Each structure stands twice: as C-alpha cells, then as structure tokens.
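Open the model in your viewer, set it to a cartoon display, and keep the selection box ready. This tour moves from one stop to the next, telling you what to select and what you will find there.

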Amino acid sequence: MSRVYNFSAGPAVLPEEVLREAAEEMLDYKGCGMSVMEMSHRSKVYDDIIKEAEKDLRDLMNIPDNYKVLFLQGGASQFFAEVPMNMMKNKKAGYIITGQWAKKAFQEAKIYGEAVELASSADETFSYIPDCSDLPITDDMDYVYICENNTIYGTKFKTLPNTKGKILVSDVSSCFLSEPIDVTKYGVVYGGVQKNVGPAGVVIAIIREDLITDDVLPGTPTMLKWKTQADNDSLYNTPPCYNIYICGKVFKWIKKMGGLQAMKEHNEKKAKILYDYLDESKLFKGTVRKEDRSLMNVPFVTGNEELDAKFVKEAKAAGFENLKGHRTVGGMRASIYNAMPIEGVEKLVEFMKKFEQENA
C-alpha cells in the first residue's frame, strides 16, 4: 500500500499510527468482541472512551474546570446558528469578517438578531487580518465573533481582537490543537474536527459554564440548546461514537508527540520550509500578507491559470493530492495540518522547484 501526500483542507490527513491502531481494533475493541461502530453509546465500554477523550483534551488544552467540553454533531455550519440561539440575549452581536466561514456565520446570525460587521478584509480578497485593536463595539452586544484561522484564504489571527470586555466566540476549526491557546480568553471555542483532529461528523465545543443556560431564543430546538447537551455529557442522543473514538486516539497521539507546544514547533518548521520557498520563487507566490500567514493552510499561485492547472495535474500524478485552491481564490492551496509529516512538505517543495525549472 502506498499512501499519497494528502494536502486536503478537510476531511484531511490523519496520523498513520492512529489509522493502523483503529484498523487493528476494527472487529474487536479491547476484547469486547465488537467494533466501536457497533456498541451502544450507553455501554460502560463506550462511556470510558468518551470520558477519556474529554480528559485527554482537557489535559492538552489546559481547560479550566468552569468550561464544559461538548462533542456535538451538525458541523461548524450548524454551530453558526447555535451561537446566536444560545447567546443573543440582547439580539445584537459583532462579527469580524475574515473569510467565507466568518461571512456565513455572520449571515446566519442575521436570522436571529442584529449582526454588526465590526471589521472586514473583503476589500483585498481576505488576504490579511484587519486591525482589531479598537473596534466599534457597543455596550449592548452579546458577543464578538471571529473565525481564527481562515482555511480558504490562509490567514490567522496572531493577536486576538480587543473585545472591550465582551465575550469572544471563536471558530478554530482549521487551527484546532495546532498550538497552545489560553482558553480563559474565550467564552466559546469550537471547531469541526475534520481538519486536525478526526473524521467529519463531530464539532468540539468548549463553553464557559455561565453561558450555558435555559435562557435561549424562543424556538431553539431541544437538540441545539447547549444546556441539553451539557446536562447529558454529550450523550443526550446517540453521538457520532466512532468519530469521537478516533478523536480520542488523535489526542493521545498529540500527547505522545509532546503536546501542543511541540506541535506548534513542528508546524512552524513545516510552514517555514514552504513559505521560505514561496518568498524566493520566481514562479510561485503566496497570496497572504506575511504577518497574517496561517501555519495550517498555505495558498499560492503562479499568476497564470493554465499553469496553475498544469501544476495541480502534474502534482497529482506525482502523489501530491488535493492541491487545487478554493474556487474563490484559485491557484493552489497546501493544507499542512498536524498529521502532515515534514517530509511531505519537503517533497512538495522539491517538486515545485522542479516544476519551476521546467516551466520558467
């Protein structure tokens, strides 16, 4: 079996040893005679799996006791609605628009109340993070919302916005567990796991306990009330059991790799290899302002659509998958999440150099 180098933005590459371990346990998990896919979520065996996953995540992220960890369904896109449903007490919130997903969350919030655009980088195709040191935040805003790492555009907040005391809500889908964060700076941190943590189908939400109440917008479905989920330890209904089990294995793998600080150093090293080459290349260039570059998603272009298409095609033939950029940016994008090995990036750069020589 030969594995390709998978640069997909999500569902994305998973650590090989996690996949091997899951394969070994596929028919019989730890001697219980069945697969995790088949067992009751009410069983003692599964209860241990989800509790251990939560414990490992709390250890990794240093999550304080006054924050709940929820394993939910519906993708980050469903969470765009859950945030206003559970948090819009004054029916007003501020949104910083740094890409497609922040924009979608903003549009969704407008259904439930007044969503105010506090800042945006749409004027330059979201290729930078706007200055968020003095935003027009008003006293009646319930929260301030950001998408911390912009998967499509390859930008990342290096400094959190000054929310002037308002609760910060952050979608961290594509930078989740890529580096340490201070959970206490947020009211809500959430992310779809299919980029850095596991198979699609789970959203992990870390929510400060005082924000989990019965005081939600009228018409909020029972399933979408955070209190329903928190009171039942994410087991109100059948959760995505197998996917949570894989996430738990990834948490253990990150611990084994040395935790989030080690992960950050590993990711910085990988990103540097690619960005250094893009900065010196005559053919390829990065599309993001240097100080706002993401460690996870690296968009780049040649400036010529035909050449871009040729590159993607030849790269695929050489074993580099999913390098085509998002339709709104064009060009290419290499997503180099935690599980992408360093040699994957080195080999990609080697291939790019060769392509550059042949197409100069």
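Before the first stop, one term has to be fixed: two residues are in contact when they have heavy atoms within 4.5 Å. Please also keep in mind throughout that what you are viewing is a predicted model.

**Stop one: α1 against α6**

Select residues 16-24, which form helix α1, together with residues 241-257, which form helix α6, and turn the view until you can follow both axes, which come within 10 Å and cross at roughly 135°. Angles from 65 to 115 degrees count as roughly perpendicular and those over 145 as roughly antiparallel, and α1 and α6 are therefore oblique to each other. The crossing in which α1 passes α6 is right-handed. Now show side chains: on the α1 side you will find Glu17, Val18, Glu21 and Ala22, and these meet Tyr242, Tyr245, Ile246, Lys249, Val250, Trp253 and Lys256 of α6. Sorted by class, this contact of α1 with α6 holds seven nonpolar and four charged residues, with no polar ones.

**Stop two: α2 against α6**

Keep α6 selected and add helix α2, residues 44-61, whose axis comes within 9 Å of the α6 axis and crosses it at roughly 40°. The two helices, α2 and α6, are therefore again described as oblique to each other, and their crossing is left-handed. From α2, the contact takes in Tyr46, Ile49, Ile50, Glu52, Ala53, Asp56, Leu57, Asp59 and Leu60, while α6 contributes Cys241, Ile244, Tyr245, Gly248, Phe251, Lys252, Ile254 and Lys255. If you colour these residues by class, you should find eleven nonpolar, one polar and five charged in the contact of α2 with α6.

**Stop three: two loop residues**

Select the loop between β1, residues 5-6, and α1, where proline 11 lies. Zoom in on the peptide bond from glycine 10 to proline 11, which is cis, with an omega near -10°. Next, move to the loop between α1 and α2 and pick out lysine 30, which has a positive phi of about 45° although it is not a glycine.

**Stop four: the largest pocket**

Which residues are closest to the centre of the largest pocket? The space in this pocket comes to about 430 Å³, and of the 26 residues lining it, Ala9, Gly10, Trp101, Gln194 and Lys195 are the closest to its centre. Then select helix α3, residues 75-87, which provides the largest share of the lining of the largest pocket, namely four residues. Taken as a whole, the lining of this pocket divides into nine nonpolar, 13 polar and four charged residues.

**Stop five: the cavity**

How many cavities of 30 Å³ or more does a search of the whole structure find? The search finds one, and the largest cavity has a volume of about 60 Å³. To locate the largest cavity, select Met61, Glu148, Val172, Cys175, Phe176, Leu177, Ser178, Glu179, Ile181 and Leu260, which line it. Seven of these lining residues are nonpolar, one is polar and two are charged.

**Last stop: α8 against α9**

Finally, select helix α8, residues 305-317, and helix α9, residues 342-358, which pack at an angle of about 130° with their axes 11 Å apart. The helices α8 and α9 are therefore oblique to each other, and α8 passes α9 in a right-handed crossing. Show the side chains of Leu307, Lys310, Phe311, Glu314 and Ala315 in α8, and those of Leu348, Phe351, Met352, Phe355 and Glu358 in α9, since these residues make the contact. By class, the contact of α8 with α9 includes seven nonpolar and three charged residues, and no polar ones.

How values were computed
Residues are numbered from 1 along each chain as its sequence is written. This is a predicted model: local features need pLDDT of at least 70, side-chain atom pairs count only at pLDDT 80 or more; totals for chains, interfaces and linings use all residues. Side-chain values use heavy atoms; hydrogens and water are left out. Axes are lines fitted to C-alpha atoms, for helices over the stretch in contact, and angles run from 0 to 180 degrees between N-to-C directions. Angles under 35 degrees count as roughly parallel, over 145 as roughly antiparallel, 65 to 115 as roughly perpendicular and the rest as oblique. A crossing is left-handed if the near helix is turned anticlockwise from the far one by less than a right angle, and right-handed if clockwise. Ala, Val, Leu, Ile, Met, Phe, Trp, Tyr, Cys and Pro count as nonpolar, Asp, Glu, Lys and Arg as charged, and the others, Gly among them, as polar. On a 1 Å grid over the protein atoms alone, a cavity is a set of points where a 1.4 Å probe fits but cannot get out, and a pocket is an open set with protein on both sides within 12 Å along at least five of seven lines; lining residues have an atom within 4 Å of a point. Grid points are joined across faces, edges and corners, and a volume is the space filled by probe spheres set on the points.
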